[in-house]
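Thanks for coming, everyone. Please bring up the structure on your screens, and we will walk through it together.

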Amino acid sequence: MKITFDEPALQKIQSHLNDKKKLLLTFEDGVGPYSQHAMIHMQVQFTLNIVDAAETAADYDTAVPSNLGDIWIKGYSSVDLDPNMTIRYQTNRGMFTLSGDGGMIDDNLGFIDFTGN
């Protein structure tokens, strides 16, 4: 499994990253400190999170390589993901999308920087 960020997504996210932060791809099921409550969602939904690297993220037990470094996921969420995925930033709409070999996974991928940047 791997994730590739397109150039606009790289530009948008890189300004939030440094060696003291890590990326999470959060399956929005209400599990863990970075997940929104699952009851508000009627579909598969993910959020890209930036967190302090020192923060405990025990639920995020699987690393997925990307062109921005490893992205951590909850291992069980891999059933909703594809082997080859792309995160795109649509500059005209100001939003991210997550797609894979099978098509669109999340057409409005959330983005939250929990580090306050």
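One definition before we start. A residue is buried under 20% relative accessible area, exposed over 50%, and partly exposed in between. Keep that in mind for Asp52. Its relative accessibility is 35%, so Asp52 counts as partly exposed. And remember throughout that this is a predicted model.

Let's stay with Asp52. It sits in strand E3. What does Asp52 touch, once neighbours within four places in sequence are left aside? The contacts are Lys20, Lys21, Lys22 and Thr115. There is also a link to Ala54: a polar atom of the Asp52 side chain lies 2.8 Å from the backbone nitrogen of Ala54. Then look along the chain. Asp52 and Phe114 are 62 residues apart in sequence, yet their C-alpha atoms are separated by 7.6 Å.

Now Ala54 itself. Ala54 belongs to the loop between E3 and E4. Is Ala54 buried or exposed? Its relative accessible area is 70%, and the cut-off for exposed is over 50%, so Ala54 is exposed. Its C-alpha atom is 7.9 Å from that of Lys21, with the two positions 33 residues apart along the chain.

Next, the sheet. In what order do the strands run? There are 8 of them in an open sheet, and the order is E1-E6-E7-E8-E3-E2-E5-E4, with mixed pairing. Strand E1, residues 2-5, and strand E4, residues 62-64, are at the edges. Each has a single partner strand, so one side of each has no neighbour in the sheet. From one strand to the next, the twist averages 30°.

Take the two edges in turn. At one edge, E4 pairs with strand E5, residues 71-73, in the antiparallel sense, over 3 bridges. Thr62 stands opposite Ile73 there. At the other edge, E1 and E6 run parallel, joined by 4 bridges. Thr4 has Thr86 in E6 as its bridge partner.

E1 also shows a clear alternation. Ile3 and Phe5 point to one face and are buried. Lys2 and Thr4 point to the other face and are not buried.

On to the helix. H1 covers residues 7-14 and packs on the sheet. It touches E1, E2, E3, E6, E7 and E8, and its direction makes about 75° with that of E6. At its N-terminal end, Asp6 is the cap: a side-chain oxygen lies 2.9 Å from the backbone nitrogen of Ala9.

Which residues of H1 are buried? They are Ala9, Leu10 and Ile13. Down the helix axis, the buried residues fall within an arc of 100°, so they line one face of H1. As a general point, an α-helix has 3.6 residues a turn, so residues three or four places apart point the same way. The cover over the buried residues of H1 includes E1, E2, E3, E6, E7 and E8.

Last stop, the core. The largest nonpolar core has 23 residues. Phe5, Leu25 and Leu98 have the most contacts inside it. Elements giving two or more residues are E1, H1, E2, E3, E5, E6, E7 and E8.

Finish on Leu25. Not counting residues up to four places away in sequence, its contacts include Ile3, Phe46, Leu48, Tyr60, Trp72, Leu98 and Leu109. Ile73 is also among them, and that is the residue opposite Thr62. Thank you.

How values were computed. Residues numbered from 1 in each chain as written. Predicted model: local features only at pLDDT ≥ 70, side-chain atom pairs only at ≥ 80, totals over all residues. Heavy atoms only, no water. Pairing = 2+ DSSP bridges. Axes fitted to C-alpha atoms, helices over the stretch in contact; angles between N-to-C directions. Contact = heavy atoms within 4.5 Å. Buried < 20%, exposed > 50% of the residue type's maximum accessible area, 1.4 Å probe, protein only. Arc of directions from axis to C-beta. Polar contact = N/O pair within 3.5 Å; in protein donor to acceptor, adjacent residues only side chain to side chain. Core = buried A, V, L, I, M, F, W, Y, C linked by side-chain atoms within 4.5 Å.
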